Amino acid sequence: MKLLLLLVAIGLCSAQFNPNTKAGRTSIVHLFEWKWDDIAAECERYLGPNGFGGVQISPPNENIVLSNPWRPWYERYQPISYKLCSRSGNEQQFRSMVTRCNNVGVYIYVDAIINHMCGSGGGAGTHSTCGSYFNAGSKDFPAVPYSSWDFNDGKCYTGSGEIENYGDANQVRNCRLVGLLDLALEKDYVRGKIADFLNNLISIGVAGFRFDAAKHMWPGDLLAIRDRLNNLNTQWFPSGTRPFIFQEVIDLGGEAISFSQYTGIGRVTEFKYGAKLGTVIRKWNGEKMAYLKNWGEGWGFMASDRALVFVDNHDNQRGHGAGGGSILTFFDARLYKMGIGFMLAHPYGFTRVMSSYRWPRNWVNGKDVNDWIGPPSYSDGSTKPVTINADSTCGNDWVCEHRWRQIKNMVIFRNVVDGQPFSNWWDNGSNQVAFGRGNRGFIVFNNDDWYMDVTLNTGLPAGTYCDVISGQKEGTRCTGRQITVGSNGSARFQISNTDEDPFAAIHVNSKL
């Protein structure tokens, strides 16, 4: 009996690290600033059929409407209430999206803004997405309701009331982050309001949450909120399933707050992953892809089963939020596809793919002064729909990296090799590398400035395979290059350094 209780306790303790994706689905995509109706359609027509496990959505609750500059993306990160209405849609549209996506096995992960309310300079009135009244100056948010009693100002001892020193954990957690009104999460009342908000989303059918700005909240407060959350909706999830939790903790080292303080609560965003991988693939600072042989914990990252990993996110693709210029984005498409390919082939962490919209970059003194620009919009500020072109790409300035053939096919690759060990590593001591995943998949990169012609042990069964980077398997033929694996498991790879995509990948489901 004691053993049974122990096993139950261990299961409950580890449940929040489980992404809850359907069996055989191993990645999620962040459809940044998409409308709920567009997400529902994408789940049905593309994400479900191509094996995506879920969608991280933009914050769904009421936020301030900022018109100067015109409707920036970050207004979504300034809550007014927990009502479900935003420029992505209303509550009815949100519920419909969750139902439609869940019904095709693509689950919804909510970006939850629970550290703060809107900025202290947000004024007063009803300029909010549901029209609720608020007064930022007096800290009055009657639609929740929160009052001045529910904020942290009394515990912040800086002259400005802002975080002034990231080496002081008390400041980071008790003071205002860029003017945002910091909630007093140690108060039972505040915890209750947040738990009610999250439990309402759970009842609708979401699978989990990204906790925005987690390093700005005390771990004990997050733990208390997490423990108030209900099990997931049994219409789509097994009885007793706990919500997946992943927390935004930017830790590149050298600050007072470490990711390790949060790994007991849920998974944590491993920001070092994209920053380091970008440096390697760009070949900066003498880095080489050959050095990736011990990628993961060997590079000082957190344990794989605690990490949520990504090449870029909505913050650092704009030059802030950690990583600087090393971060690979859709603007560097050739290198970006290699980075995503490596991430999706490698077993470390739980993977999230970014799906962006395009904006006109304008660099002034090393900063993109257009980093504020919101999603593609009409003149009234409403978000444009995601249109799909005949070639499966997106229109209306939506980038849709998840629809790029190379990225979509690597999402499928990761599903096919799930559970298989990292194997058959090869490198040339420079920037040509290859590795396998047991006997189910193999990937090869040529990031050197010269032609690659090598014969490598793939570990795969003999046969003819379609490379899923230059093309894919369609019926009984390959639309890209064919790769023949011999009876001894070896295959010849010829990859030019001038190829549009200087890498190749094969897996058992791409075999003719």
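Buried residues are those under 20% relative accessible area, exposed ones those over 50%, and partly exposed ones those in between, as evaluated with a 1.4 Å probe on protein chains only. Helices (H or I, at least four residues) and strands (E, at least two) are DSSP runs, numbered from the N terminus. The structure is a predicted model, in which local features need pLDDT of at least 70 and side-chain atom pairs count only at pLDDT 80 or more, whereas totals for chains, interfaces and linings use all residues. Residues are numbered from 1 along each chain as its sequence is written, and side-chain values use heavy atoms, with hydrogens and water left out.

Strand 3 (107-112) follows a loop that begins after helix 3 (91-103) and contains V106. Of the 6 residues in strand 3, 6 are buried, and the strand is accordingly described as mostly covered. In a regular strand the side chains alternate between the two faces of the sheet. In strand 3, Y107, Y109 and D111 point one way, while I108, V110 and A112 point the other way, and all are buried. V106 is likewise buried, with a relative accessibility of 0%. The C-alpha atoms of V106 and V55 lie 7.0 Å apart in space, although the two residues are separated by 51 residues in sequence.

Pairing of strands requires that DSSP find at least two bridges between them. By this criterion, strand 3 pairs with strand 2 (residues 54-57) in the parallel sense over 4 bridges. Within this pairing, V55 has I108 of strand 3 as its bridge partner. Strand 3 also runs parallel to strand 8 (residues 208-211), to which 4 bridges join it. Here V110 stands opposite F209 of strand 8.

A further set of strands forms an open sheet of 4 strands, ordered 15-16-17-24 and paired in the antiparallel sense. Strand 15 (422-427) and strand 24 (503-507) are the edge strands, each pairing on one side only. On average, neighbouring strands of this sheet are turned by 10° against each other, direction ignored; axes for this purpose are lines fitted to C-alpha atoms, for helices over the stretch in contact, and angles run from 0 to 180 degrees between N-to-C directions. The antiparallel pairing of strand 17 (residues 441-446) with strand 24 comprises 5 bridges. G441 is placed opposite H507 of strand 24.

Side chains of opposite charge can pair when their charged atoms come close. A total of 29 salt bridges is present in the structure, a salt bridge being a side-chain nitrogen of Lys or Arg within 4 Å of a carboxyl oxygen of Asp or Glu. One of them joins the side chains of K155 and E186, with an N to O distance of 3.1 Å. K155 lies in the loop between strand 6 (134-135) and helix 4 (169-174), and E186 in the loop between strand 7 (180-182) and helix 5 (188-204), so the pair ties together parts that are 31 residues apart in sequence. Both residues are partly exposed, K155 with a relative accessible area of 30% and E186 with one of 38%.

The salt bridge between D227 and R226 has an N to O distance of 2.9 Å. D227 is partly exposed at 49% relative accessibility, whereas R226 is buried at 13%. In another salt bridge, the closest N and O atoms of R492 and D453 are 2.7 Å apart. R492 belongs to strand 23 (residues 490-495) and D453 to strand 18 (residues 452-457), so this pair ties together parts that are 39 residues apart in sequence. D453 is partly exposed, at 38% relative accessibility. Salt bridges with shared partners also join E33, R71, E75, R76 and R87 into one network.

Pockets were identified on a 1 Å grid over the protein atoms alone, each being an open set of points where a 1.4 Å probe fits, with protein on both sides within 12 Å along at least five of seven lines; lining residues have an atom within 4 Å of a point. Grid points are joined across faces, edges and corners, and a volume is the space filled by probe spheres set on the points. The largest pocket holds about 710 Å³ of space. It is lined by 25 residues, of which L177, V178, L180, D315 and H320 are the closest to its centre. This lining divides into 10 nonpolar, 8 polar and 7 charged residues, where Ala, Val, Leu, Ile, Met, Phe, Trp, Tyr, Cys and Pro count as nonpolar, Asp, Glu, Lys and Arg as charged, and the others, Gly among them, as polar. The second largest pocket holds about 280 Å³. Its lining consists of 16 residues, with T26, G349, F350, R414 and D418 nearest its centre.
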